[in-house]
Each structure stands twice: as structure tokens, then as C-alpha cells.
Amino acid sequence: MHMMDEWPALPYSQWQDTLATLHLWTQVVGKVKLGLMPWTNHSWHVTLFLTARGLSTLPLPYGVRSFQIDFDFIEHALRIETADGATRLLPLRPQPVAHFYRDVLFTLDELGLPVKIRPMPNEIPDAIPCDQDHVHSAYDGDYANRCWQAMLHAQRVFGRFRAGFRGKCSPVHFFWGSFDLAVTRFSGRRAPPHPGGVPHLPDWVAREAYSQEVSSCGFWPGGPALPEPVFYSYAYPEPAGFADAAIAPAAAYFHPQLREFVLPYEAVREAPSPDDMLMEFCQSTYEAAANLAKWNRTELETVPGGA
């Protein structure tokens, strides 16, 4: 266990199999939420939220009943709790995604909360339906815990960053489709239609998500396209000159394939003040997007705690 005053080491190569499995497990739980929550703009209704122990759906409606599902990365259990007092614990351990899928839906059925979900994962190329996936089965609890701790640190800074904006802004929330923690600011203007093309995601979902002009920053633990954990920042639509904008800190750079600025997690972790470095990245990349796109920054920004 790592002390929470430290930004834990999170080398992608050491836990990529666990990450791939955990990503799919969060999709199973996320799809339960997707099936029960009313639609909210930009798919905000499907996201998970960080807790002092892991990730949570927060309360979900089921008729007049309520329940929630939590990933506990301290005790390494999936906790399903109902508002009428029932609790079930499913251990997080090495097991195929198909077994996790079966156990979650069986347990919900046992609690009188049957839910049907589409088993095909979203936003993952060459995906295997979750109910048939016996390939992904790794789980290293130490690294799952480290990733959660890294996201808690990121959330603290993203919360500070979010507080400086009075325009429309998302919560700091976790998207299980892409497995990233994100916070998004909006200019208040409409955006051109998104081209879509996200694997296993209907184009209309992507178009609705990016129907308004945004600047978004977040944390992503890595993947085949970039095998290291990074903080990122992008703008949609991308304003002219964005890729060449001067941003900070020096360790950040524009990734031409991802079309976003990235800051390696390791650079932040090793900085004398990780919070200040990450805040500098969030602020400078936002300013690049907002200035180039001519956002009304006077109306949109505020001093945290001010009117």
C-alpha cells in the first residue's frame, strides 16, 4: 500500500494486462448505469466517480428502489448495495471478463434488480463481447490501487482548475469507454458535427458529445497508441495554430496522432510540486485553446470563490 501523500509509480508495461481487464470490468458496470439513468448531455449520465476507496456509479434508480455499485481498490472487491440494506461483495481477483460479467448480472438478478446490457465493449478496437471474453483475466491489486491513487491526485488538481470557470463545465468524472478521468470546459458556442468513427460507438453519440465547442483535460493511464500514463489536453474543434501553441511545462508536447497536448505522468510525479506542474499544464493548454478560438474569457472565467 502506498501512502496517499505520494504520486505512485505507474509504469504501463508492468500492469498493461491488468489495465486491459479492469477497463473491461468498468465497462460492464458502466453499462449497467447506462441502462438505468436518464440521458444527460455529452453522456454525463454514464460516468463513474472517484471515492475514498475506488470508483462508484453513485445511486442508480430502479423503479422506486435505489442501488449502487462500487469498485473498492483497498479491499479489492466489487460492492453492490441497495438502499433497503442488502449488500453483496464480489472479489476482484484474476478472472476472465466473461466470469465477471456473469457474476455481476447474476448478483443483480438475485437482488431483484435484473438488468440487460449490450455485451460488446465500446471504444475498443477488435473488441470481444464481454460475455465471451476469456482472454482478458489479469488483476494485480497493487497496480489497480496505484491507478486509483493517481486519479485521486489528478482529481484534486482538476477540481482546483475547474473552480476558475463559471461557464458550463463538466464534473471531474471517469469515462469507462476510454478509461480516463476528465474535466471539460465549454465556450457556449455550437461546434461543427463530429466525424464519428469511434470503434463500437454510434456516430450520433460522438456527435452529441462534441456538439459544443470544448477544451478538455484529463488523465489516461496509457494504451497501445501511447504506452505510458499521461495527462492530456485537447480542443474541439481544434483552432488553427493549436498544435504550435506555446504551452507549459517544458515536459509537455503535442502528440500529432492523438491531436492533443500530453504531459507524461512520470514528469509530474517527479516534479518538486506535482500539483503546480499539472495545474500549469491545464491552465496553459486551456488558454491556448480559448485564445486561439476567441472564447469570451472575461465572461467565462472567475476567481475561485468569487461571484
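**Entry 1. Strands E11, E12 and E10**

I began with strand E11 (residues 253-255), which pairs with E12 in the antiparallel sense over 3 bridges. The model I am reading is a predicted one. Within this pairing, I found Phe-254 opposite Phe-261 of E12. E11 and E12 form a hairpin with 4 residues between the strands, and there I noted that Arg-259 takes a positive phi near 60 degrees.

I then asked which strand is joined to E12 by 4 bridges. That strand is E10 (residues 230-236), and it runs antiparallel to E12. Here Ser-233 stands opposite Phe-261. Phe-261 therefore has Phe-254 of the E11 pairing and Ser-233 of the E10 pairing as the residues that stand opposite.I next recorded how E12 (residues 260-264) is covered: 5 of its 5 residues are buried. Glu-260, Val-262 and Pro-264 point one way from the strand, whereas Phe-261 and Leu-263 point the other way. In a regular strand the side chains alternate between the two faces of the sheet.

**Entry 2. Strands E4, E5 and E6**

I turned to E5 (residues 77-82) and asked how many of its 6 residues are buried. The count is 5, and the strand is mostly covered.

On one pairing, 6 bridges join E5 to strand E4 (residues 65-72), and the two run antiparallel. I looked up Phe-71 and found that its bridge partner in E5 is Leu-78. E4 and E5 make a hairpin with 4 residues between them, and His-76 in the turn has a positive phi of about 55 degrees.

On another pairing, 5 bridges join E5 to strand E6 (residues 87-91), again with an antiparallel run. Ala-77 stands opposite Pro-91 of E6. This hairpin has 4 residues between its strands, and Gly-85 in the turn has a positive phi of about 105 degrees.

**Entry 3. Salt bridges**

Side chains of opposite charge can pair when their charged atoms come close. I counted 14 salt bridges in the structure and examined several of them.

The side chains of Arg-79 and Asp-72 meet in one such bridge, at 3.4 Å from N to O. I asked whether these two residues are buried or exposed. Arg-79 has a relative accessible area of 16% and is buried; Asp-72, at 1%, is buried as well.

I also looked up Glu-110, which forms a salt bridge with Arg-88, the closest N and O atoms being 3.2 Å apart. Glu-110 lies in helix H2 (residues 97-110) and Arg-88 in strand E6, so this pair ties together parts that are 22 residues apart in sequence. Glu-110 is partly exposed, with a relative accessible area of 47%, and Arg-88 is partly exposed at 30%.

The bridge between Asp-103 and Arg-102 has its closest N and O atoms 3.0 Å apart. Asp-103 counts as partly exposed at 23% relative accessibility, and Arg-102 counts as partly exposed at 47%. I noted further that salt bridges with shared partners join Arg-53, Asp-72, Glu-75 and Arg-79 into one network.

**Entry 4. Cysteines**

I searched the whole structure for disulfides and found 0. Why does Cys-147 have no bond to Cys-217? The sulfur of Cys-217 is the closest cysteine sulfur to that of Cys-147, but the two are 17 Å apart, which is too far for a bond. Cys-147 is buried, at 1% relative accessibility.

Cys-282 is likewise in no disulfide; its nearest cysteine sulfur, that of Cys-217, is 3.7 Å away. A disulfide requires the sulfur atoms to lie within 2.5 Å. Cys-282 has a relative accessible area of 1% and is buried.

**Entry 5. Asp-180**

I located Asp-180 in strand E8 (residues 180-190). With a relative accessible area of 9%, Asp-180 is buried. I asked which residues are in contact with Asp-180, leaving aside its neighbours within four places in sequence. They are His-173, Phe-174, Phe-175, Phe-219, Trp-220 and Tyr-232. I also recorded the separation of Asp-180 from Met-151: 29 residues in sequence and 8.9 Å in space, C-alpha to C-alpha.

**Entry 6. A nonpolar surface patch**

Last, I looked at the surface and asked which residues make a nonpolar patch of about 330 Å². Leu-34, Trp-39 and Trp-204 make this patch. Trp-204 is found in helix H4 (residues 203-209).

Methods. Residues are numbered from 1 along each chain as its sequence is written. This is a predicted model: local features need pLDDT of at least 70, side-chain atom pairs count only at pLDDT 80 or more; totals for chains, interfaces and linings use all residues. Side-chain values use heavy atoms; hydrogens and water are left out. Patches are made of residues with over 30% relative accessible area and no salt bridge: like charges are joined within 9 Å, nonpolar side chains (Val, Leu, Ile, Met, Phe, Trp, Tyr) within 5 Å. Accessible areas come from the Shrake-Rupley method with a 1.4 Å probe; for residues, only the protein chains shown count as cover. A salt bridge is a side-chain nitrogen of Lys or Arg within 4 Å of a carboxyl oxygen of Asp or Glu. Buried means under 20% relative accessible area, exposed over 50%, partly exposed in between (1.4 Å probe, protein chains only). Two strands pair if DSSP finds at least two bridges between them. Contact means heavy atoms within 4.5 Å.
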